[in-house]
Amino acid sequence: MAFAQRLAATSDGLAGDDFVLVEWTAEVGRHWIAPLHVHHADDEAWYVLEGELSFRLGDEEVVAGAGSALMAPRGTPHTFWNAGEVEARYLLVMTRRIAHLIEAIHASGADIPALFVEHDSELLPPG
């Protein structure tokens with residue numbers, strides 16, 4: 001099921017400050033699932049169901065295996081990728097603002113940097 005369909009199925013009737021929970025699969029390969037970025041007003045969290053995800057949170061790098069949970073508090077630069085040799089399955093816990101940002105950046109022809117700004121977030125240079 002596409003992200004937009006999963007989002008629509010979970011967000012009906014939610015207030016603006018509610019959380020959205022989405023199950024996601026990360027394919028094998030050491031490439032970012034999301035580029036380095038920061039959410040200025042929103043927290044974001046992950047719970048790894050299967051496999052391993054690697055996270056950069058600020059200056060720290062952490063590998064999270066099945067059964068691990070991680071949080072990127074608002075204002076924390078972060079990115080993540082599949083750290084294992086198999087697909088990773090995880091739950092992403094986010095605010096509606098982040099959910100709408102993710103949906104918007106996957107639209108054809110999206111101006112990704114502008115969308116991050118519009119959603120009180122910012123893309124950061126890698127490194």
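**Surface, fold and nonpolar core of the predicted model**

The protein chain exposes an accessible surface of about 6800 Å², and carbon and sulfur atoms account for 54% of this area (Shrake-Rupley method, 1.4 Å probe). The model is predicted: local features need pLDDT of at least 70, side-chain atom pairs count only at pLDDT 80 or more, and totals for chains, interfaces and linings use all residues. Residues are numbered from 1 along each chain as its sequence is written, and side-chain values use heavy atoms, without hydrogens or water.

The chain averages a pLDDT (the predictor's confidence in each residue, from 0 to 100) of 88. A score of at least 70 is reached by 86% of the residues. Over residues 1–9 the pLDDT is below 50.

The chain holds 3 helices and 9 strands (DSSP runs of H or I, at least four residues, and of E, at least two). Their order is α-β-β-β-β-β-β-β-β-α-α-β. E1 and E8 pair in the antiparallel sense over 8 bridges (pairing requires at least two DSSP bridges). Thr-25 has Arg-89 of E8 as its bridge partner.

Of the 127 residues, 38% are buried (under 20% relative accessible area, 1.4 Å probe, protein chains only). Along E1, Val-20, Val-22, Trp-24 and Ala-26 point to one face and are buried. Phe-19, Leu-21, Glu-23 and Thr-25 point to the other face and are not buried.

The largest nonpolar core (buried Ala, Val, Leu, Ile, Met, Phe, Trp, Tyr and Cys joined through side-chain atoms within 4.5 Å) has 21 residues. Trp-46, Leu-53, Phe-55, Phe-80, Tyr-90 and Met-94 have the most contacts inside it. Strands E1, E3, E4, E6 and E8 and helix H2 each supply at least two core residues.

How values were computed:
Buried means under 20% relative accessible area, exposed over 50%, partly exposed in between (1.4 Å probe, protein chains only). Contact means heavy atoms within 4.5 Å.
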